[in-house]
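Q: Before any interpretation, may the model itself be displayed? The discussion can then proceed from domains to strands, cores and a helix.

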Amino acid sequence: KILIIDYGSQYTQLLARRIREFGVYSEVVPPNKKLNLKNVKGIILSGGPNSVYSENAPVLESNMLKLDIPLLGICYGMQLIAYNMDCEVKRDANGEYGRTEILIEKKDELFNEIPDKITTWMSHGDSVISLSEGFEPIAKTKNGIIAGFRLKSKKIWGIQFHPEVRHSEFGSDIIENFVLDICKIKGDWSLSNFIDEKIKEIKNKIGDKKAIIALSGGVDSSVAAVLVHKAIGKNLKAVFVDHGLLRKNEPEEVKRIFKEMIGLDLITINAKEKFLSKLKGVSDPEKKRKIIGEEFIRVFEKFAKENDDIEYLIQGTIYSDVIESAASGSNTSVIKSHHNVGGLPKEMDLKIFEPLREIFKDEVRSTGEILGIPKNILYRHPFPGPGLAIRIIGEITEEKLKILKNVDSIFIETLKENSWYNKVWQSFAILTPVKTVGVAGDSRKYEYVVSLRSVDSVEGMTADWSRIPFDILNQASNRITNEVSEVGRVVYDITSKPPATIEWE
Ligand code: XMP
């Protein structure tokens with residue numbers, strides 16, 4: 001495999017992605033982590049926002065330059081190599097941003113079959129301006145800045161541009177040269193053999209011991225559950241907590257799919273009353289989230305106590321979760337206290353196992369398809385852990401839950417009927433505490449306002465409101481006001497994130 005040391009570049013995930021496109025498995029690790037070099041055939045140092053001269057700049061592991069493994073530094077990674085080998089790195093020199101033409105000076109292995117002049121994508125302030133003994137430049141920019149070098153005596157390269165970005169011409173070929181030719185890796189990694197390897201690993205690791213997973217019915221936990229179930233069968237207990245805040249018919253649907261179609265024996269814990277009584281009278285969004293998060297933990301603790309032979313806790317953590325938590329500093333402010341069903345207490349004393357932590361969301365979905373999980377589970381919109389509680393503004397009551405479930409299900413049905421469900425990232429309805437005046441027949445009505453929300457997004461970090469055709473919104477609005485008598489008015493949320501968040505609370 002290829003190890004990518006992540007110095008914080010926004011393109012690191014892309015780089016990992018590109019490498020996988022050649023059928024080579026790559027793993028991203030944060031700097032300063034003790035490296036496990038087993039099976040590592042090549043190392044790439046990513047770019048990053050720092051200058052090698054800034055205080056707290058991440059540094060190069062001391063033995064990195066002594067290893068006998070091919071090494072490629074990209075942007076900051078290149079500067080790190082240069083700085084540590086006494087080349088001259090100039091601070092805030094004439095940095096380049098955006099498209100930059102470079103001249104290939106030497107047809108080195110890295111640039112095999114690459115034309116002499118290529119347009120690349122640059123984004124750097126500092127520059128390497130001269131090289132020390134043993135290095136040779138292999139590419140330069142028009143400004144004479146070193147765009148690529150190689151250490152002659154070892155398999156060490158540095159390039160200033162970002163080959164992983166699509167705007168870099170021949171970028172993929174350069175990565176391919178490094179990974180397949182220089183590191184000599186056979187490109188035979190695929191999801192099918194990932195699944196086979198994982199199943200073997202799970203059998204070895206967990207074997208005939210018992211494991212538990214909190215199944216939410218979402219993509220990640222579903223795929224994790226089915227994968228582990230394939231390996232250890234009945235020794236996996238999948239627990240589904242029905243907190244009463246799920247979408248219409250969702251508990252029944254999840255139970256049906258897992259029990260009947262997948263053969264996974266789902267243990268459903270009906271905790272509806274408990275959750276609702278704890279939430280009674282609470283309207284502060286953060287309080288709601290905290291209560292729900294804590295209650296989840298309590299329910300699990302109880303289950304684990306009653307089943308004290310369980311040793312492992314399976315979590316549906318995926319690649320982007322790992323990278324985000326590794327990259328984000330401790331100073332990031334809490335916008336919302338996100339709660340995942342998987343966020344369980346340490347005191348439970350279970351060993352954590354995360355079978356999907358190496359793969360991307362779309363790979364998780366493909367894995368699910370290979371494992372035979374129905375598409376309506378794999379391609380459904382994200383749903384927050386606290387569920388409808390954060391979509392009912394103000395106090396939660398049984399009546400409001402019923403209204404919101406009906407409205408939400410009409411909206412989703414309408415999108416599906418018009419083939420819009422899969423065109424948007426997430427859609428749902430919000431029940432506001434506002435009542436407004438209307439007229440039905442000859443009489444006055446005084447009923448709730450609901451809002452529909454639909455967004456386009458990649459990972460939920462930023463989002464834009466979906467341009468759903470008016471006609472479809474009209475169909476949804478008509479059905480809602482006709483079929484849900486407690487609703488008198490329907491509005492559509494046209495706010496992007498930022499400044500708003502996707503959910504209302
Ligand atoms: P926001 O509202 O923060 O939401 O823009 C971004 C994405 O995250 C989902 N979300 C959550 N998911 N637990 C979750 O598992 C939570 O507490 C939570 N809060 C928001 C939200 O639905 C959107 O997809």
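Q: Into which domains is the protein divided?

A: In this predicted model, the protein is divided into domain 1 (2-182), domain 2 (191-378) and domain 3 (391-492). Between the C-alpha centres of domain 1 and domain 3 there are 49 Å.

Q: How many bridges join strand S9 to strand S10, and which residues are partners?

A: S9 (residues 135-141) is joined to S10 (residues 146-151) by 5 bridges, and the two strands run antiparallel. One partnership is that of Ala 139 with Gly 148 in S10. The two strands form a hairpin with 4 residues between them. In its turn, Gly 144 has a positive phi of about 85°.

Q: How many bridges join S9 to strand S6?

A: There are 3 bridges between S9 and S6 (residues 96-104), and this pair also runs antiparallel. Here Ile 102 has Thr 141 of S9 as its bridge partner.

Q: How should a nonpolar core be read, and which residues of the largest one touch the most other members?

A: In soluble globular proteins, nonpolar side chains tend to be buried together. The largest nonpolar core here has 69 residues, and those touching the most other members are Ala 211, Ile 213, Ala 225, Val 228, Ile 314, Val 407 and Val 450. Helix H5 (residues 219-232) gives the most to this core, with 9 residues. Because domain 2 (191-378) and domain 3 (391-492) both contribute residues, the core lies between them. Another core, of 54 residues, lies apart from it, with Ile 2, Ile 5, Cys 183 and Ile 185 among its members.

Q: Which residues does Ile 213 touch, leaving aside those up to four places away in sequence?

A: With that exclusion, Ile 213 touches Ser 221, Ala 224, Ala 225, Val 228, Leu 236, Ala 238 and Ile 314.

Q: How does one read the two sides of a helix, and which residues of helix H6 are buried?

A: An α-helix has 3.6 residues a turn, so residues three or four places apart point the same way. In H6 (residues 250-262), the buried residues include Val 254, Phe 258 and Ile 262. These three cover an arc of only 40° around the axis, which puts them on the same side of H6. The face turned away from the buried side carries the exposed residues Glu 252, Arg 256, Glu 260 and Met 261.

Q: What covers the buried residues of H6, and what follows this helix?

A: The cover includes H5, strand S13 (236-242) and strand S14 (266-270). Gly 263 follows H6 and has a positive phi, near 75°.

Terms used: Residues are numbered from 1 along each chain as its sequence is written. This is a predicted model: local features need pLDDT of at least 70, side-chain atom pairs count only at pLDDT 80 or more; totals for chains, interfaces and linings use all residues. Domain bounds come from an automatic or database domain assignment. Two strands pair if DSSP finds at least two bridges between them. A nonpolar core is a set of buried Ala, Val, Leu, Ile, Met, Phe, Trp, Tyr and Cys residues joined through C-beta atoms within 7 Å. A residue is buried if 20 or more other C-beta atoms lie within 10 Å of its own, exposed if 12 or fewer, and partly exposed in between; C-beta atoms are placed from the backbone. Two residues are in contact if their C-beta atoms, placed from the backbone, lie within 7 Å. The expected span of a helix is 1.5 Å times one less than its number of residues. The arc is that of the directions from the helix axis to the C-beta atoms.
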